[in-house]
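Reader: I am new to this structure and would like a close look at a single part of it, namely the pairing of charged side chains. Could you take me through that part step by step?

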Amino acid sequence: MNMEERIRRINELYHKSQSQGLSEAEKEEQARLRREYVESIRRNLRAQLDNITIERPDGTLENLGEKYGNKKRNS
């Protein structure tokens, strides 16, 4: 299942939960899909941060991926 299909399924489950309610299996599926989606967003952000380097006023270079992207993984 690609990300587009997962997002569509998350939305289907949300709308069903608002109109009819969800079974326990559907609640578990919804939670799993949401976790996968959030993790995908985090991975994407980390990858983007790895590609950004800023130059400080003192001339030193700082990679934002090293400063912020690895913070969660190391703690």
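Author: The model shown here is a predicted one, and it holds nine salt bridges. As a general background, side chains of opposite charge can pair when their charged atoms come close.

A good place to begin is helix 1, which covers residues 3-19 and contains both glutamate 4 and arginine 8. These two residues form a salt bridge in which the closest N and O atoms are 3.9 Å apart, a value that falls within the 4 Å allowed for such a pair. Along the helix, glutamate 4 and arginine 8 are four residues apart, which is about one turn. Glutamate 4 counts as exposed because its relative accessible area is 59%, and exposed means over 50%. Arginine 8, with a relative accessible area of 44%, is partly exposed.

Helix 1 also carries a salt bridge between the side chains of glutamate 12 and arginine 9, with a distance of 3.2 Å from N to O. Because glutamate 12 and arginine 9 are three residues apart in helix 1, about one helical turn separates them. Both partners are partly exposed, glutamate 12 with a relative accessible area of 39% and arginine 9 with a relative accessible area of 24%.

Another salt bridge joins glutamate 39 to arginine 46, and here the closest N and O atoms are 3.6 Å apart. Glutamate 39 is partly exposed, having a relative accessible area of 29%, whereas arginine 46 has a relative accessible area of 15% and is therefore buried, since buried means under 20%.

Salt bridges can also link several residues, and in this model Arg6, Arg32 and Glu36 are connected in a network of them.

Beside these charged pairs, the surface has a nonpolar patch of about 300 Å², made by Ile7, Tyr37, Val38 and Ile41. Helix 2, which runs over residues 24-50, gives the most to this patch, contributing three residues. Isoleucine 41 has its place in helix 2, and because its relative accessibility is 45%, isoleucine 41 counts as partly exposed.

Key: Residues are numbered from 1 along each chain as its sequence is written. This is a predicted model: local features need pLDDT of at least 70, side-chain atom pairs count only at pLDDT 80 or more; totals for chains, interfaces and linings use all residues. Side-chain values use heavy atoms; hydrogens and water are left out. Patches are made of residues with over 30% relative accessible area and no salt bridge: like charges are joined within 9 Å, nonpolar side chains (Val, Leu, Ile, Met, Phe, Trp, Tyr) within 5 Å. Accessible areas come from the Shrake-Rupley method with a 1.4 Å probe; for residues, only the protein chains shown count as cover. Helices (H or I, at least four residues) and strands (E, at least two) are DSSP runs, numbered from the N terminus. Buried means under 20% relative accessible area, exposed over 50%, partly exposed in between (1.4 Å probe, protein chains only).
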